Amino acid sequence: MWIESTIALRFLREGRAQTTLILIGIAVGVSVIVFIVALIRGLQGNIVERTLGTQAHIKVEAPDEINRLAPLPAGTTRLVLETRRAQRLRSINNWQQVMAVLDGFPGVRAVSPVISGPAFARRGNAVESVALVGMDPIRYQRIIPLSEDIVAGQLKVGAGDAVIGRLLADDLGLKVGDKFRLAAGLGREAQLNIAGIFELGVRELDQRYVYLDLKQTQSLLDLPGGVTVIDITVEDIFTAQDAARRIAALTGLKAESWLDTNAQLVNALRSQSMSTAMISFFVAVSVAFGIASVLSISVVQRTREIGILRAMGTRQQQMLKVFLVQGAVLGLTGSAIGAFAGYGLVWVFNTFGPKLFYIPVAPTLVPLAMAIATLTGTVAAAVPARRAARLDPVVAIRHV
Amino acid sequence: MSDLAQLGSAEVLRLAGLRKSYNIGLPTELEVLHGLELTLARRDFASLVGPSGSGKSTLLNLLGLLDSPTAGDLYLLGQATRLLDDERRTALRAQAIGFVFQFHHLIPAFTALENVMMPMLVTHGRPSAETITRARGLLEEVGLAGFEGRKPQELSGGQQQRVAIARALITRPALLLADEPTGNLDTKTAAGVFELFRRFNREYGCAVLVVTHDPRLSAVCDRTITLVDGSIVSDELHSRT
């Protein structure tokens with residue numbers, strides 16, 4: 001392999017102008033790929049982070065209640081007029097056991113039981129409809145890091161303490177230490193002390209969420225000992241759908257992943273990823289064609305040298321390798337320069353760009369891009385290399 | 001001395017009813033060589049002459065294992081070659097044959113020394129100290145000591161041709177084939193090149209076959225083989241002077 005590489009490198013060095021031009025071509029292509037992939041990944045990461053910052057990856061709930069029809073004797077036809085059932089608030093059966101199972105479920109990072117339901121928050125004559133969220137703060141924090149979003153007071157629930165959103169606090173004119181009343185219907189009421197105020201940055205949540213502990217919420221919603229939802233986060237967010245399916249199958253409960261509840265977003269992300277992949281693919285293809293055409297020209301230009309080398313005992317396989325190595329070297333060198341330039345573009349974007357979000361460059365991106373470019377170069381060199389190997393030495397030597 | 005004499009008479013090359021046709025199976029099928037019989041021994045210093053179109057180049061390609069005959073066979077160092085595949089033919093060529101072409105044909109990307117070593121490099125990879133020493137020795141013998149690091153384009157035509165001769169001899173081939181080796185050299189340089197062939201023939205026991213148009217050059221060879229219309233019409237030995 002030594003002599004093949006040596007000849008390949010000498011050939012590249014000798015055809016300096018050609019080599020430089022194609023290297024620039026490869027570098028531009030690779031830098032575009034590196035930049036666009038990093039940009040889109042950064043953008044998507046940012047969007048996903050914002051979306052998932054305030055919600056669980058998977059929500060497990062009790063299955064919907066449905067009407068069951070009695071089995072019919074054979075040969076009977078039935079006409080059904082069905083009034084669908086109202087879905088009352090109800091607890092997940094045996095949620096402690098379900099939670100224990102989910103805690104050990106592969107790929108699951110955190111599990112948090114939650115009880116939630118509607119209520120009215122009142123202070124004086126002002127009334128706001130709110131969503132009660134009863135939770136265990138330690139477990140819940142692993143799903144949504146709520147304490148990071150506390151803007152006043154502290155995250156403290158239980159024993160008559162509640163944490164409410166900033167917009168709700170504004171609407172009711174409440175501050176930390178104030179008291180307000182919660183009414184969950186049918187005379188179930190409680191007076192609560194505001195321990196903290198949060199701001200998640202999502203209007204809907206900041207205006208409506210009231211965090212309590214499990215016990216208090218259970219008594220307000222009249223579900224003693226029950227939870228209505230089990231929140232789950234998983235290791236790899238894009239496997240959430242699959243994990244949800246498996247959880248549903250295992251527990252017989254309803255499990256919905258964030259991918260289902262944010263279908264539109266997911267669809268947008270997918271289309272974006274696909275267009276990135278397509279751009280990368282077509283840039284790679286044009287780079288490959290560039291390498292192939294430069295090497296094809298090189299084979300023609302070096303026909304006589306190939307003939308001499310063959311006459312002196314160079315085997316066809318060796319001749320093939322000489323050109324494959326040239327393709328690989330072009331791919332590797334060009335992509336190294338291109339990756340560097342791509343990094344530069346990312347840096348420029350991060351430093352001088354709109355600064356809406358930061359583009360991180362995954363450490364695997366550059367080696368991956370270089371590996372693909374090297375492989376592409378080698379594959380692109382295959383056609384010219386075969387032509388070089390198959391040249392008839394008799395004809396090649398007489399070529400002028 | 002008898003050993004050397006024995007070696008000298010050893011057969012290097014034998015043609016047995018060698019035929020070559022082109023465009024086989026087509027209406028334009030043409031037989032270029034019509035059943036040639038020829039033997040070359042180690043001590044032979046022969047020229048191959050003949051008018052244009054007589055089949056000299058075709059024969060040279062066959063002798064150099066660059067092409068294979070249509071019928072008959074070519075024995076190189078006693079080995080039948082017609083049915084060898086490309087791989088084996090290439091290996092045999094690398095081992096047994098040295099080429100000198102009309103247009104020097106050095107590889108421009110390599111230095112004179114590397115060009116001389118090239119046949120060794122392509123078959124054995126990284127050069128051994130012995131190969132380097134031998135290549136330097138050969139360059140010295142062709143009068144190019146001190147030119148090792150020059151690229152071909154930095155050498156004159158005669159110097160390039162001498163590098164090419166050194167290259168042809170690096171593998172210590174049994175047969176040296178030269179195609180119009182002096183075709184574009186001036187008379188003085190041409191004589192020098194011939195002198196080198198003569199010396200290597202004598203010192204290394206390497207059979208030399210020179211294809212030439214020039215009757216003056218063929219006259220200095222020991223043997224002249226004349227090819228006309230694809231047949232050997234004469235094969236004469238000259239008395240050595």
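This report describes a predicted model with chains A and B, moving from the division of chain A to the contact between the chains, the nonpolar cores and a few single residues.

**Chain A and its domains**

Chain A is divided into domain 1, made of residues 2–49 together with 266–398, and domain 2, which covers residues 95–252. The C-alpha centres of domain 1 and domain 2 of chain A lie 53 Å apart. One pair of residues with a wide separation is Thr374(A) and Ile115(A), which are 259 residues apart along the chain and whose C-alpha atoms are separated by 55 Å. Thr374(A) is found in helix α13 of chain A, residues 365–390, and it counts as buried because it has 20 C-beta neighbours inside 10 Å. Leaving aside residues up to four places away in sequence, Thr374(A) touches Ala328(A), Gly331(A), Leu332(A) and Ser335(A).

**Helix α2 of chain A and its partner**

Helix α2 (residues 16–52) and helix α10 (residues 263–301), both of chain A, pack with their axes 10 Å apart and at an angle of about 170°. Because of that angle, α2(A) is roughly antiparallel to α10(A). Sorted by class, the contact of α2(A) with α10(A) has 15 nonpolar and 12 polar residues, and no charged residues.

Two residues of helix α2 of chain A can be followed in more detail, beginning with Ile36(A). Ile36(A) has 17 C-beta neighbours inside 10 Å and therefore counts as partly exposed. Its contacts, not counting residues up to four places away in sequence, are Thr276(A) and Ile279(A). The C-alpha atoms of Ile36(A) and Ser280(A) are separated by 8.3 Å, although the two residues are 244 residues apart along the chain.

Leu52(A) is also found in helix α2 of chain A, and with 17 C-beta neighbours inside 10 Å it counts as partly exposed. With residues up to four places away in sequence left out, Leu52(A) touches His57(A), Ile237(A) and Trp258(A). Between Leu52(A) and Gly252(A), 200 residues apart along the chain, the C-alpha atoms are separated by 25 Å.

**Where the chains meet**

In the contact between the chains, 19 residues of chain A are in contact with 23 residues of chain B. On the side of chain A that touches chain B, at least two residues each are supplied by α1 (2–14), α11 (303–311), α12 and α14 (393–398) of chain A. By class, this side of chain A has 10 nonpolar, four polar and five charged residues.

**The nonpolar cores**

The largest nonpolar core has 123 residues, and those that touch the most other members are Ile291(A), Val116(B), Leu175(B), Leu176(B), Ala207(B), Val208(B) and Leu209(B). Helix α12 (residues 316–352) of chain A gives the largest share of this core, 11 residues. A second, separate core of 56 residues includes Leu132(A), Val163(A), Leu168(A) and Leu212(A).

The surroundings of Ala207(B), not counting residues up to four places away in sequence, consist of contacts with Val12(B), Leu13(B), Leu40(B), Ala41(B), Arg42(B), Asp44(B), Ala174(B), Leu175(B) and Leu176(B).

**Two helices of chain B**

Helix α2 of chain B, residues 56–63, is largely enclosed by the rest of the structure, because six of its eight residues are buried. The buried residues of α2(B) are Lys56(B), Leu59(B), Leu60(B), Asn61(B), Leu62(B) and Leu63(B).

In helix α3 (residues 86–96) of chain B, the residues Arg89(B), Thr90(B), Arg93(B), Ala94(B) and Ala96(B) are buried. The elements that cover the buried residues of α3(B) include β4 (71–76), β6 (97–100), α4 (112–124) and β7 (175–179) of chain B.

**Positive phi values in chain B**

Most residues other than glycine have a negative phi. The table gives three residues of chain B with a positive value.

| Residue | Phi | Place |
|---|---|---|
| Leu65(B) | near 60° | follows α2(B) |
| Leu77(B) | about 50° | loop between β4 and β5 (79–80) of chain B |
| Asp229(B) | near 50° | loop between β9 (223–228) and β10 (231–237) of chain B |

Leu77(B) counts as partly exposed, because 16 C-beta neighbours lie inside 10 Å. Asp229(B) is partly exposed too, with 13 other C-beta atoms within 10 Å.

How values were computed
Residues numbered from 1 in each chain as written. Chains lettered and ligands numbered in written order. Predicted model: local features only at pLDDT ≥ 70, side-chain atom pairs only at ≥ 80, totals over all residues. Axes fitted to C-alpha atoms, helices over the stretch in contact; angles between N-to-C directions. Helix = DSSP H or I, 4+ residues; strand = E, 2+ residues; numbered from the N terminus. Parallel < 35°, antiparallel > 145°, perpendicular 65-115°, else oblique. Nonpolar A, V, L, I, M, F, W, Y, C, P; charged D, E, K, R; others polar. Core = buried A, V, L, I, M, F, W, Y, C linked by C-beta atoms within 7 Å. Buried ≥ 20, exposed ≤ 12 C-beta atoms within 10 Å, placed from the backbone. Contact = placed C-beta atoms within 7 Å. Domains from an automatic or database assignment.
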